Amino acid sequence: METDGERIQVNPTTRNEGRPAKDRRKKKWANPEVQLKFALGNCSRLKDMAQAISVCEKAMSEGIKLNQYHYNTLLYLCSSEAMGLLRPEETTEEASKELALKKGFEIYEQMVASNIPPNEATYTAVARLAAASEDGDMAFDIAKKMVSHNLSPRLRSYSPALFVFCKKKEADKAYEVDDYMVGRGIQPEEDELEALLRLSVEVGRVDKVYSLLQRLRVKARQVTASTCDVIEQWFNSKAGCEVGNENWDADRISEAMISRGGGWHGQGWLGKGDWKVEKTNMSSNGVCKCCGEQLVSIDIDPVETDNFAKSLVDLACAREVNSNFRNFQEWLDHHGPYDFIVDGANVGLYQQNFADGGFSVSQLSSVVNVSRQRSPKKKWPLILLHNKRATGVPADNPYNKQLIEDWRKAGALYTTPAGSNDDWYWLYAAVRFKCLLVTNDEMRDHLFQLLGNEFFSKWKEKHQVRFTFNKSGPQFHMPPPYSIVIQSERGSWHIPIKGGDDIEMARSWLCVTRSVACGLKQRSDPSSQERNTLGPSEDSGFEGVNDDVVSKSNADVEDTRIARHEENTGDALCSTFSTETAQLTSETDKRKWGSMSPSSPCNQPFSYKIRKESA
């Protein structure tokens, strides 16, 4: 063993002290129960159900009693084999599926007979067995049984029943499962929402289609290609073309959009007639290349941001040495605010996976310089680095050492102590100062999952600056001046489709319009009876309005939003932070994209835009 280049000397008199420990390890491995656990774990890793069953049967014949771990491993393998999940690239043979079901239920009965208490994993595996036999009622009953046994079901506990009911087109039962789990605080993910949406499209439940699109908007924001196919199927269906109304109250729609931050009114289907469905892209400033509609940048509630910052502090303090993170907060009190936060490790290690590659201080320096140039007052950014990066081998270089010292003197560098996760530090600083965060980190690991999906994804979209390098140096890819989320305002729909991680590749969108949706009448006072016949809900009776009315209404909305925003945040600085491809420099653009606080240059614009301007 070596440390810091010095070889540790071993005292010859202590060489034999390790032998008793070795003997203890041999004795441990001689234990049949330890051998069983190892063998069963290996079968699970290799996804070998038959061998796992054989190993356990042999152990029981030798008098070894199975425990909860053994039974759960067997149930997991049997249920996975029955559902074709062990080898998804292969087609599971019917005989293998039947064997897995038979053995799975036998193992569960044996577990109950042996008085081994089941846990959530046990019940979930049995629910999957029931789903594999297409018994949705049993799968749902198993999930509900957990509650009566004081266990906490998870999404995976309810999904088997939900998917079976959706597959068999038992709509009411599928909606019952959805309502039951949501009522217990468990929110479905996109896979479950897609299954419910497909079911609703197939059975023609227009009310459910609308509400599920809203839920997809909140939960997923962007949709996968398979979900996009279901949405296209809906808009091309007879039921999709028939739903809606041409007469709607423009003032009510505008008020609803203001209350939701823009981009969505939630009042039901607008328009009448066939839909035009096309895949397209957006221009750099958010104009649809198919229909010419301008997408909006949707507000983030300041209260949500404050609550997010508080939850971030609580999580960080619970997982970091409390004093370390408190020290960081006090340091920020003294040195902040900042316009940019730089994830030093992510920048310094960018594309360094080659033979002589390693942490590049000069690469980090070039990003720091660009960040400083982009700051309205040419302020230094805050660089977050783990302590080992600032004191290790790269820092020994005289040039690098001088850079690091300059950053320290300028209050531009904070080094996180040993044992700390620097992710907590740079994320907290960016949230606290409502500023831009320079990193290519996709923020998908367990740490970020603790923060929840909905608000965090909105925040990240508005604050994360990605970067690449070319011959001229770092290229910043600024947050888009519009929200990448399902948007529907005047009856048209724009739905972003998830792509890869290539930040330079244009994103695909689904553009959905109908000729009468932007149509051209306004009903100032629709009766409640008429409203209740228009589709998905009591509030869903709004379709079609005159172009002039739309422009006037939206202009009024924009004035209201600008006044409200400027009252809270002060002077406009948004044009300073233009994207690489969209320069928002004119007075019209400044007003269109909203106001920003001088101390918070990335407090993103709410921008409810005037549709007439983008035509």
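Two strands pair if DSSP finds at least two bridges between them, and the strands themselves (E, at least two residues), like the helices (H or I, at least four residues), are DSSP runs numbered from the N terminus. The structure is a predicted model, in which local features need pLDDT of at least 70 and side-chain atom pairs count only at pLDDT 80 or more, while totals for chains, interfaces and linings use all residues. Residues are numbered from 1 along each chain as its sequence is written, and side-chain values use heavy atoms, with hydrogens and water left out.

**Exercise 1. The sheet around strand 11**

Task: Work out in which order the four strands of the open sheet that contains strand 11 are arranged, and which residues stand opposite H494 and P496.

Solution.
Step 1. The order of the four strands is 3-12-11-10, and their pairing is antiparallel. Strand 3 and strand 10 stand at the edges with a single partner strand each, so one side of each is left without a neighbour in the sheet.

Step 2. On one side, strand 11 (residues 493-496) is joined by two bridges to strand 10 (residues 487-488), and here Q487 stands opposite H494. These two strands form a hairpin with four residues between them, and G491 in the turn has a positive phi of about 105°.

Step 3. On the other side, four bridges join strand 11 to strand 12 (residues 509-513). In strand 12, C511 is the bridge partner of H494, and W509 stands opposite P496.

Step 4. In a regular strand the side chains alternate between the two faces of the sheet. In strand 11, W493 and I495 point one way and H494 and P496 the other way, and all are buried, where buried means under 20% relative accessible area, exposed means over 50%, and partly exposed lies in between (1.4 Å probe, protein chains only).

**Exercise 2. The six-stranded sheet and helix 18**

Task: Describe the order of the six strands in the open sheet, and find which strands helix 18 lies across.

Solution.
Step 1. The strands follow the order 6-5-4-7-8-9, with mixed pairing. Strand 6 (413-416) and strand 9 (473-477) are at the edges and have a single partner strand each, so one side of each is left without a neighbour in the sheet.

Step 2. Strand 4 (residues 340-343) and strand 7 (residues 436-438) run parallel and are joined by three bridges, with V438 in strand 7 as the bridge partner of V342.

Step 3. Helix 18 (residues 361-374) lies across strands 4, 5, 7, 8 and 9, and runs at about 50° to strand 9; axes are lines fitted to C-alpha atoms, for helices over the stretch in contact, and angles run from 0 to 180 degrees between N-to-C directions.

Step 4. Helix 18 also meets helix 21 (residues 398-409), for the two axes come within 10 Å and cross at roughly 35°. At this crossing V361, L364, S365 and V368 in helix 18 meet N400, L403 and W407 in helix 21, contact being defined as heavy atoms within 4.5 Å.

**Exercise 3. Two acidic residues**

Task: Decide whether E461 is buried or exposed, state how D301 is classed, and trace the polar contacts of their side chains.

Solution.
Step 1. E461 is found in helix 24 (residues 454-463) and is buried, with a relative accessible area of 14%. D301, in the loop between strand 3 (276-280) and helix 15 (302-319), counts as partly exposed at 37% relative accessibility.

Step 2. The side chain of E461 makes a polar contact with the side chain of R221 at 3.2 Å; such a contact is a pair of N or O atoms within 3.5 Å, of which, within protein, one must be able to donate a hydrogen and the other to accept it, and residues adjacent in sequence count only if both atoms are side-chain atoms. A polar atom of the E461 side chain also lies 3.0 Å from the backbone nitrogen of I484.

Step 3. For D301, a polar atom of the side chain lies 2.9 Å from the backbone nitrogen of V303.

**Exercise 4. Helix 22**

Task: Explain why helix 22 is described as largely enclosed.

Solution.
Step 1. Ten of the eleven residues of helix 22 (residues 422-432) are buried, so the helix is largely enclosed by the rest of the structure. Among the buried residues are W424, Y425 and W426.

Step 2. At the start of helix 22, a side-chain oxygen of N421 comes within 2.9 Å of the backbone nitrogen of D423, and just after the helix K434 takes a positive phi of about 50°.
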